[in-house]
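Student: I have a model open and want to read it piece by piece. Can we go through it in questions and answers?

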Amino acid sequence: MSPLFDPRRPGFLADPYPDFAALRAREPVHWCEGLKSWVITGYDLCKQALNDPQLSADRISPFRDSLGETERRRIGDLLAMLEDWMVFADPPRHTRLRRAANQIFPPRVMEGMAPRVQAIVAGLIDGMAERRAGDLIRDFGFPLPVMVIADMLGLPLEDQDKFKVWSDDLATFVGSAQLTPDKRARAQDSARAMCDYVHAAVAARRREPRDDRLTRLMALADESGELSEREMVATCVLLLFAGHETTTNLIGNGMLALMRHPAELEGLRRQPELTEAAVEEMLRYDGPTLAMTRIALEDVDYGGTTFRKGDRIFVFLAAANRDPARFPDPDRLDIAREDNRHLTFGYGIHFCLGAPLARLEGRIAIRALLARLGAPALAEPAPEWIDSLSLRGVGALPVTFPS
Ligand code: HEM
């Protein structure tokens, strides 16, 4: 008998939404043997889970405990860094790490990046304008956020290729559907390289302070004693990582959805004032986050089922965003949709720190792209979805623009 839900089924990643709909209707709280985890797919339950102090965001400790001594030592730097990431921390540690990051990156700082984002977007579009073709990931969606976040932290833009390699290696580790020893080794090397890189940048600023956010983060760490140097470095690596893979995929998935819905694409070109609503709809309809996981800290009742202490739960944000009980006609891409409170940035204490920046980048990027280059059309080869159950995006998105 085939399982009710099988995310390893070929074709699942290309279009997981029918599987989510079937599961939500049959078993909104489901034990998935393949994942050895609970799976939740309804909007209300997902929201409840993300905001539930009985469900821990620390997925690193159980993973570390599952490893033998040798392996644990072999990837020790990687584990140490991930343990310092606020996204994997519970209160009170989370509260302290998040408070420090909020002080350095309040929403107004991110919104203040608009002129820089516009300049970077314009430069990247220039690169594609003459050719009237390009790969929307390689030429646009990838470099934009990495340039913005490097700029915001005060790190040199020339190093963006390094950030990409390191970040890709971390992404395969953090979000991989299948974790092989090779992926672990690559993530370990990249975690160490990334931490060394930020340590060196910190040391340079200790010798010669600059007017940038990294210097301010250091000052905060030194003056308030709120963050150790190790935590500060890990926070910068988290920002470099979280700040680009996801935003790249907002642009990639969003443009792909528009190209597959030409009437909506045309509508947005005619009414660019809808861009803000359209970006929210792109985030809901096929956003960059598929699932977040949590671990039960004790026995907890969910929708008539009991999660046992130590059980893992996949909170499928992408499924929640298509719940017909929350969103009318959920499988329709509607760039003018109202009351669009999707869960793509999470919910509760871990709600995405970078949401204002991601929204800003998405709005400026989509608006400028359509205004300057016209409606793109999909070119060959067909896009392929990356192998991950947490991040959702395509590896490449070749397009042509009208001449
Ligand atoms: C479209 C782009 C983005 C999406 C969809 C996204 C999504 C998310 C989600 C779902 C979470 C919650 C994780 C959880 O509950 O386990 C999160 C947390 C986080 N995001 Fe984002 N993110 C995006 C862009 C960014 C950017 C641009 C930055 C940084 C500049 C960033 C930094 C963070 C950080 C630091 C956290 C951890 C917050 C905490 O644990 O308190 N994200 N993001």
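Student: Which residues are exposed on the other side of H16, away from its buried residues?

Tutor: Keep in mind that this is a predicted model. Helix H16 spans residues 262–270, and its buried residues are Glu264, Leu265 and Leu268. They cover an arc of only 105° around the axis, so they sit on the same side of H16. On the other side, the exposed residues are Pro262, Ala263 and Arg270.

Student: What covers the buried residues of H16?

Tutor: The residues to be covered are Glu264, Leu265 and Leu268. Their cover includes H15, helix H17 (275–286) and H19.

Student: Is strand E5 largely enclosed or largely open?

Tutor: Count its buried residues. E5 runs over residues 291–296, and five of the six are buried. That is why the rest of the structure leaves E5 largely enclosed.

Student: Which residue of E8 is the bridge partner of Ile295?

Tutor: Start with the strands beside E5. Strand E3 (residues 55–56) pairs with E5 in the antiparallel sense over two bridges, and there Ser56 has Ile295 as its bridge partner. Strand E8 (residues 312–316) also runs antiparallel to E5, joined by five bridges. In E8, the partner of Ile295 is Arg312.

Student: Which helix gives the largest share of the largest nonpolar core?

Tutor: That core has 118 residues. Cys46, Val237, Val315, Phe316 and Leu317 touch the most other members. The largest share is 10 residues, and it comes from helix H14 (residues 229–242).

Student: What is Val315 in contact with, leaving aside its neighbours within four places in sequence?

Tutor: Val315 is one of the core residues that touch the most other members. Cys46 is another of these, and it is among the contacts of Val315. The full set is Ile40, Cys46, Ala49, Leu50, Ala291, Met292 and Arg294.

Student: How many residues of the shell around the ligand are charged?

Tutor: There are 26 residues around the ligand, and Gly243, Thr246, Gly346, Cys352 and Gly354 come nearest. H14, helix H15 (245–259) and helix H19 (355–373) each give two or more residues to this shell. By type, 16 are nonpolar and nine polar, and the number charged is one.

Student: Which are the edge strands of the open sheet of three strands?

Tutor: The order is E4-E10-E9, with antiparallel pairing. Two bridges join E9 to strand E10 (residues 398–400), and in E10 the partner of Leu378 is Val399. An edge strand here pairs on one side only, which picks out strand E4 (133–135) and strand E9 (377–378).

Terms used
Residues numbered from 1 in each chain as written. Predicted model: local features only at pLDDT ≥ 70, side-chain atom pairs only at ≥ 80, totals over all residues. Core = buried A, V, L, I, M, F, W, Y, C linked by C-beta atoms within 7 Å. Buried ≥ 20, exposed ≤ 12 C-beta atoms within 10 Å, placed from the backbone. Helix = DSSP H or I, 4+ residues; strand = E, 2+ residues; numbered from the N terminus. Contact = placed C-beta atoms within 7 Å. Near = placed C-beta within 6 Å. Nonpolar A, V, L, I, M, F, W, Y, C, P; charged D, E, K, R; others polar. Pairing = 2+ DSSP bridges. Arc of directions from axis to C-beta.
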